[in-house]
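Open the model in your viewer and keep the selection tool ready. This tour goes stop by stop.

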Amino acid sequence: FQGIFVLGLPYALLHSGYSGLFLIILAAALCCYTGKILIACLYEEDEDGQLIRVRDTYEDIANACCKKQSSKLGGIVVNVTQVMELIMTCILYLVVSGNLLSHSFPYVPMTEKTWSVIAFVTLLPCVFIKTLKIVSKLSQLCSLVHFIIILVVMTYCLTQMHQWSWAKFRLSIEFEDFLVSVGVIIFSYTSQIFLPKLEGNMKNPGEFRCMLNWTHFFACVLKTTFALTAFLTWGEETKEVITDNLPSFLQTLVNLCLLTKALLSYPLPFFAATEIVYACVSRGNHSNYRSPLFALGVRGSFLLLTLLMAMFIPHFALLMGLTGSVTGAAMTFLLPSLFHLKLKWKKLSFLEKCADISVFILGFLCSLAGIVCSIKGLLEVFG
């Protein structure tokens, strides 16, 4: 919830004004709700009315919904969407790494793309990651670095409180900029991909709903506080990556910490994406697809793909907005509400049906508008 993409929230507030604060809160509530209904789709009632977990993954839920059309259609759609989101996340880590390096060493005559290639070289060992054990250790270090970064940025912002002014917030906003901000905010909350496995591994799955409530609540508070303090400090000068606004004596230190965090964050989505693809391709009795050499080829291909995409689209906020609008909205709003309606229609109350339909419509409109505006913004950047 508190990943590196939180750094784009002050920039989102710049383009959404007061409505951005409302959006951060609304997104937390909606993401919490769709997380709950997604997990509800894993369960069915037995003859005694007891809930039994009959499905394990997002893919299983999708296949159950589409079994009349095709036994595997739903799973294919979900897997493609998941892989797209995970790979786009990896691309964002490379993009922001290039951005951070170029701002940390402004006197070195290198472009952001060149710096991204240098960051990419340090990630080459990812092709040899075979288990989550290594990823989990890297993620622990990543969390520690993240808290240091947030602490430094917020401490500096608090020292500038005498300059704060609510007049910096916009009352009128540009509709297209607002829609890009919606994508950024949605993407900062996406976690539905991991929820089925998380709930299945809990010591007491019955506490899942309570856990989801508290984590979304604290995530919302932290995001709002961070975005608000940063925006009040820099106002119209707020940049895409908020650390670019820091004074030079802090910027280099924080940017290097962020670079470390970005590189440590990369293995998790990369590993998850390659595992999904490898599992789909090697399913069945195709022994040729289960060899270590083939797995290495899959990881290597994905690693190269993220570099190529990072080279062609080196714009952090616009790419994050596009990703949030396409895959984030689908996995977070569209599919959970659709699957819940499909599997639980007869047992849902009228208000629950209305809530699911409303979330689906809202997610669809946000996704469609965000896609159009983000692509238009990227096209303008490319001239």
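In which helix does Thr114 lie? Select helix 5, residues 112-122, and you will find Thr114 there. Helices (H or I, at least four residues) and strands (E, at least two) are DSSP runs, numbered from the N terminus.

Before going on, note that this is a predicted model, in which local features need pLDDT of at least 70, side-chain atom pairs count only at pLDDT 80 or more, and totals for chains, interfaces and linings use all residues. Residues are numbered from 1 along each chain as its sequence is written, and side-chain values use heavy atoms, with hydrogens and water left out.

**Stop 1: Thr114**

Stay on Thr114. It is partly exposed, at 31% relative accessibility. Here buried means under 20% relative accessible area, exposed over 50%, and partly exposed in between (1.4 Å probe, protein chains only). Now add Thr111. The side chains of Thr114 and Thr111 are joined by a polar contact of 3.0 Å. A polar contact is a pair of N or O atoms within 3.5 Å; within protein, one must be able to donate a hydrogen and the other to accept it, and residues adjacent in sequence count only if both atoms are side-chain atoms. Next, pick Met311. Its C-alpha atom is 8.7 Å from that of Thr114, although the two are 197 residues apart along the chain.

**Stop 2: the whole chain**

Zoom out. The chain has 14 helices and two strands. Of its 383 residues, 51% are buried. Take contacts (heavy atoms within 4.5 Å). Among those between residues at least 6 apart in sequence, 80% join residues at least 24 apart. Turn on the surface. About 18,500 Å² is exposed, and carbon and sulfur atoms supply 69% of it. Accessible areas come from the Shrake-Rupley method with a 1.4 Å probe; for residues, only the protein chains shown count as cover.

**Stop 3: the core**

Hide the surface and select Leu94, Ile185, Tyr189, Phe226, Tyr266, Phe302 and Phe339. These have the most contacts inside the largest nonpolar core, which has 99 residues. Which helix gives the most to this core? Helix 4, residues 73-104, does, with 13 residues. A nonpolar core is a set of buried Ala, Val, Leu, Ile, Met, Phe, Trp, Tyr and Cys residues joined through side-chain atoms within 4.5 Å.

Center on Ile185. Setting aside neighbours within four places in sequence, Ile185 contacts Leu9, Ala12, Gly20, Leu23, Ile24 and Ala27.

**Stop 4: Ser97**

Go back to helix 4 and pick Ser97. Is Ser97 buried or exposed? Ser97 is buried, at 0% relative accessibility. A polar atom of its side chain lies 2.7 Å from the backbone oxygen of Tyr93. Not counting residues up to four places away in sequence, Ser97 touches Ala119, Leu259, Ala262 and Leu263.

**Stop 5: salt bridges**

Side chains of opposite charge can pair when their charged atoms come close. A salt bridge is a side-chain nitrogen of Lys or Arg within 4 Å of a carboxyl oxygen of Asp or Glu. The count comes to five.

Select Glu44, Arg55 and Lys344, which are linked in a network of salt bridges. Glu44 meets Arg55 at 3.0 Å, N to O. Glu44 lies in strand 1 (residues 43-45) and Arg55 in the loop between strand 2 (51-53) and helix 3 (58-65), so the pair ties together parts 11 residues apart in sequence. Arg55 is buried, at 12% relative accessibility.

Glu44 also bridges to Lys344, with the closest N and O atoms 3.8 Å apart. Lys344 lies in helix 13, so this pair ties together parts that are 300 residues apart in sequence. Lys344 is buried too, with a relative accessible area of 10%.

Now select Asp56 and Arg53. They form a salt bridge, with the closest N and O atoms 3.0 Å apart. Asp56 is partly exposed at 48%, and Arg53 is partly exposed at 26%.

**Stop 6: Leu341 and the patch**

Move to helix 13 (residues 316-344) and pick Leu341. Leu341 is buried, at 13% relative accessibility. Its C-alpha atom is 9.5 Å from that of Cys41, 300 residues away along the chain. Beyond neighbours within four places in sequence, Leu341 contacts Leu348, Lys353, Asp356 and Ile357.

Follow that last contact to Ile357, in helix 14 (residues 350-381). Ile357 is partly exposed, at 36%. Finally, add Trp345, Ile361, Phe364, Leu365, Leu368 and Val372; with Ile357 they make a nonpolar surface patch of about 670 Å². Patches are made of residues with over 30% relative accessible area and no salt bridge: like charges are joined within 9 Å, nonpolar side chains (Val, Leu, Ile, Met, Phe, Trp, Tyr) within 5 Å.
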